[in-house]
Amino acid sequence: VGGVIVQAGGSVNSGGTLTISGSDFEIGNPFGANPNASIELVAGSSISATGAVSLLGNIGNSNIILNGSVTAGGAGNVDVDPAGTGRISLGNNITAGTGNINLTANVDMTGNSILTTTNGTVNFAGTVDGASNLTIAAGTGVVTFAGNVGLTTALGALQSTGSGNVIFGGSIGDSTHVLTSVAITGATTLNGSTVFTSGSQN
């Protein structure tokens with residue numbers, strides 16, 4: 001067993017930068033963790049640092065599960081980087097001070113989430129799917145979705161409240177995967193994509 005789990009009510013706090021590198025959990029482990037996870041934050045848990053936070057998978061194709069909150073301070077980034085083809089399950093909030101938020105793998109939304117940074121960038125390197133709401137508050141920072149959004153499982157509401165450009169590199173739903181609404185207050189770059197919603201597009 002080389003994975004890391006933070007149980008409900010638990011927290012990991014650092015007065016500087018924080019790096020957690022997990023391998024994976026054995027099937028039947030005594031902690032109740034997902035056996036395919038290298039790092040798991042259970043709902044009601046948290047990770048925080050006064051500097052950057054890096055959550056890294058280091059073996060196989062293990063997932064990183066974030067049902068607890070993650071907070072970096074100052075100009076520190078939040079980097080979430082599973083190993084191999086591992087995925088990110090996102091079901092809580094991520095905050096990065098004035099730093100950037102980087103999710104380097106495909107994201108499965110497991111709960112409503114707010115990603116916040118004061119003028120940093122927010123980068124989704126893979127796809128984003130799941131029937132939950134996603135809000136991004138990045139100030140003047142650029143938000144980039146490199147992959148498809150809601151093309152396998154449509155999101156609920158997708159919202160960006162900042163003034164920075166929001167760049168979509170793939171599709172935003174389709175005729176059978178329809179988002180509830182999309183609201184973007186900054187400029188939007190679609191790169192030829194079409195947005196499918198059942199409600200408003202702003």
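Is Asp108 buried, exposed or partly exposed? At 23% relative accessibility, Asp108 counts as partly exposed, where buried means under 20% relative accessible area, exposed means over 50%, and partly exposed lies in between (1.4 Å probe, protein chains only).

## Basis of the model

This is a predicted model, in which local features need pLDDT of at least 70 and side-chain atom pairs count only at pLDDT 80 or more, while totals for chains, interfaces and linings use all residues. Residues are numbered from 1 along each chain as its sequence is written, and side-chain values use heavy atoms, with hydrogens and water left out.

## Two parallel sheets

Strands here are DSSP runs of E with at least two residues, and helices are runs of H or I with at least four residues; both are numbered from the N terminus. Two strands are taken to pair if DSSP finds at least two bridges between them. As a general point, strands of a sheet pair through backbone hydrogen bonds, either parallel or antiparallel.

One open sheet has 8 strands in the order 3-6-9-12-15-18-20-22, with parallel pairing. Its edges are strand 3 (18–22) and strand 22 (188–189), each of which pairs on one side only. Within this sheet, strand 18 and strand 20 run parallel and are joined by 3 bridges. Another open sheet has 6 strands in the order 1-4-7-10-13-16, also with parallel pairing. Strand 1 (4–6) and strand 16 (128–129) are its edge strands, each pairing on one side only. Strand 7 (residues 63–66) pairs with strand 10 (residues 88–90) in the parallel sense over 3 bridges, and Leu66 stands opposite Leu90 in strand 10.

## The phenylalanine cluster

The structure holds 2 aromatic pairs. Rings of Phe, Tyr and Trp (its six-membered ring) pair if their centres lie within 6.5 Å; planes under 30 degrees apart count as stacked, over 60 as edge-to-face and the rest as tilted. The ring centres of Phe124 and Phe145 are 4.7 Å apart and the planes meet at 5°, so this pair is stacked. It links distant parts of the chain, with Phe124 in strand 15 (residues 122–124) and Phe145 in strand 18 (residues 143–145), 21 residues apart. Phe124 counts as buried at 1% relative accessibility, and Phe145 counts as buried at 2%.

Phe145 also pairs with Phe168, again stacked, at 5.1 Å centre to centre and 5° between the planes. This second pair likewise joins distant parts of the chain: Phe145 in strand 18 and Phe168 in strand 20 (residues 166–168) are 23 residues apart. The two residues stand opposite each other in the paired strands. Phe168, at 3% relative accessibility, counts as buried. Ring pairs thus link Phe124, Phe145 and Phe168 into a cluster.

## The nonpolar core

A nonpolar core is a set of buried Ala, Val, Leu, Ile, Met, Phe, Trp, Tyr and Cys residues joined through side-chain atoms within 4.5 Å. The largest such core has 43 residues, of which Leu55, Leu66, Leu103, Phe124, Leu134 and Phe145 touch the most other members. Contact means heavy atoms within 4.5 Å. Leaving aside neighbours within four places in sequence, Leu103 is in contact with Val80, Ile88, Leu90, Ile94, Leu115, Asn123, Phe124 and Ala125.

## Asp108 and its surroundings

Asp108 lies in strand 13 (residues 107–109). Residues up to four places away in sequence aside, Asp108 touches Arg87, Ile88, Ser89, Leu90 and Asp129. The side chains of Asp108 and Arg87 are joined by a polar contact of 2.8 Å. A polar contact is a pair of N or O atoms within 3.5 Å; within protein, one must be able to donate a hydrogen and the other to accept it, and residues adjacent in sequence count only if both atoms are side-chain atoms. Asp108 and Gly130 are 22 residues apart in sequence and 5.5 Å apart in space, C-alpha to C-alpha.

## The loop between strands 14 and 15

Thr117 is placed in the loop between strand 14 and strand 15, and is buried, with a relative accessible area of 3%. Its side chain reaches the backbone oxygen of Gly97 at 3.4 Å. Not counting residues up to four places away in sequence, Thr117 touches Ala96, Gly97, Thr98, Gly99, Val122, Ala137, Ala138 and Gly139.

Asn119 is in the loop between strand 14 (113–116) and strand 15. With a relative accessible area of 43%, Asn119 is partly exposed. Phi of Asn119 is near 75°, a positive value in a residue other than glycine. Most residues other than glycine have a negative phi.
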